[in-house]
Amino acid sequence: MNPERWAQIEELFHRATDCAPGERCAFLDKACGNDAELRREVEALLSFDANASASVGGTVRGGLEDAGFPLTGEIISHYRILDGLGGGGMGLVYRAEDIKLGRKVALKFLPEESVKDPAALGRFEREARSASALEHPNICPIYEFGEHEGQPFLVMQLLEGQTLRELIAAAGPGKPPLELKNLLDLAIQTLDGVDAAHQKGIIHRDIKPANVFVTHEGQAKILDFGLAKLASLWSAVDDRESQPLRRSVEPVVAHENLPVSTPDMLLSRTGVAMGTAGYMSPEQVRGEKLDQRTDLFSFGLVLYELATGKRAFEGDTGPELQEAILTKEPNPAHKVNPAVPEKLAQILQRALEKDREKRYQSASDMRSDLEALRLEIAPRYRPRWRALAAAGVVVLSIASAAYWFAMRSVKSSAALPAIKLRQLTSNSSENGVGDGAISPDGKYLAYMEREKIRLKHIETGETRKIPQPANLDTSREGFGGIGPWFPDGTKFLAASYPRALHAQEMTSQGSSIWIVSVSGGPPHRIRDEAYLDSISPDGSLISFETHKGKFLDREIWVMGPEGEHARKVFEVDENNMVFGVGWSKDGKRVVFQRQDGPNPADSYFVSGDINGGPLTKIVAPFAPESMQSGLWLPDNRLIYALNEPGFKVTTCNLFEIRMNPQLTEFIGEPRRLTNFAELCAKLQNTTADGKQVVLHEWRPHSNVYVSELQADGTRASAPSRLTLDESWNHPLAWSVDSKTVLFSSDRAGVDQVFKQSIGAVDPESLLTFRKNENITGACISPDGSWLIYMVVLDKGGPTNKIMGVGVTPADPTAKNDLMRLPMTGGPPQMVLTASIEEWPRCARSPSDLCAIAERSADSKQLVFTAFDAVKGRGRELARSNVDPTTYYHWDLSPDGTRIALLKNRDNRIEILSLIGGVEQEVVAKGWDFLKSVRWTANGKGLFVSGYGERGAAMLHLDLQGNAQLLWEHPSVVNIYGVPSPDGRHLAMRGWNVDSSLWLMENF
Amino acid sequence: MSHLIAMSDTHEVTLLLAKWAKGNQKALDDLTRLVYRELRHLAASYLRKERQGHTLQPTALVHEAYVRLVDQTNPTWQNRSHFFGVASRLMRQILVDHARRKQAGKRAGIKVPFDEAVSFRRGRSRDLVALDSALTELEKIDPRKCKAVELRYFGGLSMEEIAHTLEVSEITVRRDLRMAEAWLRQEMTKRVGVA
């Protein structure tokens, strides 16, 4: 093409692209005149203009991709290679699709050099097969072996996530890549996998960051189990093509069976050693025969690096590094990174002992120590890897665990037994576990998950669902209790409880006992109106409680193993209660607890013969009202969980005390077993030998959820979770523009008020309280310029003071401070001091009314008084006669003309008029009792919360009492709502409980 | 042997760039040899080690090669332009060589249904070879446009950097590229039947 012509075409091309598409034709008509060829060429070019840049760029990128991953696009065996995933010492890895099975897999090609010795390859294949046959959740499974043109490959599970190597690299040099909680969780998971392999006699030999994968879900997966032996076959090859960018070497692992070079030779041949060689154990460096303890050393190095961001051993050259591994003591981890607890440093030190006799002897030992540490320092931590930031949507599927965490000083643990704790379940807070019971031989765990019974093989993790029996009326009852097991280990008992609206007192009423057989089939019911208790040592008698009195059950009965020959053995009158049976070894005597009247302080132990005779009252050497749960061991020991003075009710510690064989007295002093700082675990059951005990750990937290409202608030979208952390979060109010939710949170250990826009991820802190101060309610002034809030001094009670535990009326003698905080910033100031019932309330502009509710001196009236954020207390607005013993919920209508008043746990709402209008009563149709009340934004309806069949419920109630269910949240705690002023959103408090089962040993 | 970049390489490359700037053609040959080696090495490293989680950008390789090969204590704009001019051409050559080898080595007789084999991918190697020959053609007609494409796609330079290197205005670079891209796409379509 001659230059003039080219220039002409280009000129027209550019001018045409400057025209609007519709005008191009006209332009070309004019510009090209009669030169049809010119016009054709320009038009052709124009037709290729769109996406031309992407096309050229994509071609270049594709070429590069192909250069790196030559098999991309090909079909090998029944695998369609999709693209390259990466590569390392072992060769290239592709993402592929299994055409036969329709699943995505990873294909890992082994370098050709690896096949030079067919016998070695066969050995490798056998070993890798056996490793992959482990089917452990923390080991990446290998599905198949194949060969493509002499190149062996293996087909593995396709994982999404990253390796620890990438995690470390992403953190940057010297920076620990993980928070302690995630680190511990990951370490425990990894050791689970290592332990499973070791138990089968398989050693990894090449544990390193690149071989531990973390999925997006936070699951650890060990890669390349059993492959390290193979690596040694080609490690000596100097692959010039793939010389690493950073100084590193390919897997260099000694193998006892191979007559090849020692690591030393390999290292000197490759010249540098910072890669895998950096994770070798001393015995590996020396080329000695390896056992499973080599993996523990290597993993210790990985863990050290994760904890500190630095390698434990460093050296610029291979020999230097080897020298360090053989002779140098690593800097203690807590000195490198002060955030590392000393105990973790000790664990690392033990893992990194050069003498393998001094090292951890098994992965499970190391794991136990890590687990104990996890529980000790951060009992409520569970992994949460996903960037929660991505979640404008509901994040319900994410395991959330850690909640408010104000670290209390833990007493010295010097005198405590070295208890081992092992986590048996790891369910999300939306799918928490209930009761659990271990089989007499310690092999199985039966537990509850969302009212379904599961049976888990503890070692393999394999879990079976027990089918639901046909005669379980799920509208009326649901499984809730598990255990105990019969001594032969073939059956255990389960309990169903009534789905009563407020089944907060668990009694025999509506409860049933069921037998569950391990060998299969649904549970069958053996007794109704019975509260499950215990089984005698020989399995011949089941004890249960029945006949509810004024408080709990008043009779203890026994029956045969199939529910036959039931008979009453002990009873008290209706003001008293009995519960919690323990048996003497011969099964003739029992000890139980009795409580006289409603006060738990009036409880004590009683023992007696199962066939009648005199009873012995036993006074315990501890405060029985502080006992949260107890468990009788086969040797007449009682283990009990005690809420100790000065600790929150959510903290308890375990003690044990012995009884004499006749069960007539406690012997000796109680012995402390634990020193938990922020944890209460409920005792569940024990194995036949009494050496393993199952604990149920329970950790509540709350979050702010926001629903979009439609149709004047009578319908609501599924709520999305606004707060994504694991502390106590409570919605307080909305900004006047309805864009921002104000909520309280104790995420930092003290109460704070935050504001956060809907859809935003990060909240902004408005106010931080002192350690002993709690915010207990708030509202926004009508003009939107002040946040008005109530603050009380913490008296050591439960943290959850907002709308959850308010069940007694305001004490007229105890005063709260009502404060105001300018929304635009500035220091808070006092508005007034009063004994305020529930929250301060404000109407919306144009009304300027705010009000508080106080009790009259005799507590028989609730007095509503106006106040102004700046001027303070105003005139009395109204009075209402109320029950002096019950707490009331109320709200001021947005226009400031009416007050809605709800007695706690009632379903009738009084509407008081402040302008002389008619008083009205709204009765919620179909709902027994309600827990909170708020006006809708338009003042035509109410948002009330209560309890439905599936948990806490949020309702829209019109003033005729017609209820529309807006949200049901699986929890037993009130979900009060705060509507936005524009009526488009409702912020609610959702309650999440993290729970898990633990195995306690060595106590 | 190690491919660790020795200080001498850096000195050498910087020196060669200077010599070349003064018109020494032998310097360009030497420079090409050094840069080529480094690029191949980098490409292999990236592909085999650093791939995961990243989108491959050949341009990143060229930039890394520059940082590694040219004395950064005294970088001159001229050196940078020259270097990228050489390196982006070399990158093209490396990739196309590979694509050609792959095409040549393509075995017949994969036992899969025809439609699967075809519909799945249309062969990136073939596309790259087509792009290369179209570029060669373009160079004959309008060498500056060919250079602009190389710098842009194989060298990863910004419009501004290309403008500096080619000593034209940024607007001209944009116009060059737009025309070249449309033309290349047209030519590739002619060559492989698909765009």
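Is the crossing of α7(A) and α11(A) left-handed or right-handed? In this predicted model, the crossing of these two helices is right-handed. Helix α7 (residues 180-199) of chain A and α11(A) have axes that come within 11 Å and cross at roughly 165°, which makes α7(A) roughly antiparallel to α11(A). On the α7(A) side the contact is made by A:Leu183, A:Ala187, A:Thr190 and A:Val194, while α11(A) brings A:Asp295, A:Phe299, A:Leu303, A:Leu306 and A:Ala307. By character, seven residues of this contact are nonpolar, one is polar and one is charged.

Helix α11 (residues 293-308) of chain A also packs against helix α14 (residues 342-351) of chain A, at an angle of about 145° and with the axes 8 Å apart. Here α11(A) passes α14(A) in a left-handed crossing. From α11(A), the residues A:Leu296, A:Phe297, A:Phe299, A:Gly300, A:Leu303, A:Tyr304 and A:Ala307 take part; they meet A:Leu344, A:Leu348 and A:Ala351 of α14(A). The contact of α11(A) with α14(A) holds nine nonpolar residues, one polar residue and no charged ones. For readers following along in the structure, A:Phe299, A:Leu303 and A:Ala307 are worth finding, as they are listed both in the contact with α7(A) and in the contact with α14(A).

Turning to the strands, β7 (residues 161-163) of chain A pairs with β8 (residues 212-215) of chain A in the antiparallel sense over three bridges. Within this pair, A:Gln162 stands opposite A:Val214 in β8(A). β8(A) is in turn joined by three bridges to strand β9 (residues 220-222) of chain A, again running antiparallel, and A:Val212 faces A:Ile222 in β9(A) as its opposite residue. β8(A) and β9(A) form a hairpin with four residues between them. In that turn, A:Gly218 has a positive phi of about 90°.

Further along chain A, four strands form an open sheet in the order β43-β44-β45-β46, with antiparallel pairing. Its edge strands are β43 (841-842) and β46 (872-881) of chain A, each of which pairs on one side only. Inside the sheet, strand β44 (residues 850-855) of chain A and strand β45 (residues 861-868) of chain A are paired over six bridges, and A:Cys850 has A:Phe867 in β45(A) as its bridge partner. The loop between β43 and β44 of chain A contains A:Pro846, which is joined to A:Ser845 by a cis peptide bond with omega of about 15°.

Other backbone details also deserve a look. The peptide bond from A:Gly483 to A:Pro484 is cis, with omega near 0°, and A:Pro484 lies in strand β15 (residues 477-485) of chain A. A:His547 has a positive phi of about 65° although it is not a glycine; this histidine is found in strand β20 (residues 542-548) of chain A.

Finally, a word on confidence. The predictor gives the complex an ipTM of 0.76 and a pTM of 0.46. Chain B averages a pLDDT of 69, and 52% of its residues score at least 70. Among the elements of chain B, the highest mean pLDDT (92) belongs to helix α7 (residues 143-154) of chain B and the lowest (30) to helix α5 (residues 114-120) of chain B. Over residues 1-8 of chain B the pLDDT is below 50, and this stretch has seven contacts in the model beyond near neighbours in sequence. Residues 105-122 of chain B also stay under 50 in pLDDT, with 11 contacts beyond four places in sequence.

Methods:
Residues are numbered from 1 along each chain as its sequence is written. Chains are lettered from A and ligands numbered from 1 in the order in which they are written. This is a predicted model: local features need pLDDT of at least 70, side-chain atom pairs count only at pLDDT 80 or more; totals for chains, interfaces and linings use all residues. Axes are lines fitted to C-alpha atoms, for helices over the stretch in contact, and angles run from 0 to 180 degrees between N-to-C directions. A crossing is left-handed if the near helix is turned anticlockwise from the far one by less than a right angle, and right-handed if clockwise. Two residues are in contact if their C-beta atoms, placed from the backbone, lie within 7 Å. Ala, Val, Leu, Ile, Met, Phe, Trp, Tyr, Cys and Pro count as nonpolar, Asp, Glu, Lys and Arg as charged, and the others, Gly among them, as polar. Two strands pair if DSSP finds at least two bridges between them. pLDDT is the predictor's confidence in each residue, from 0 to 100. Angles under 35 degrees count as roughly parallel, over 145 as roughly antiparallel, 65 to 115 as roughly perpendicular and the rest as oblique.
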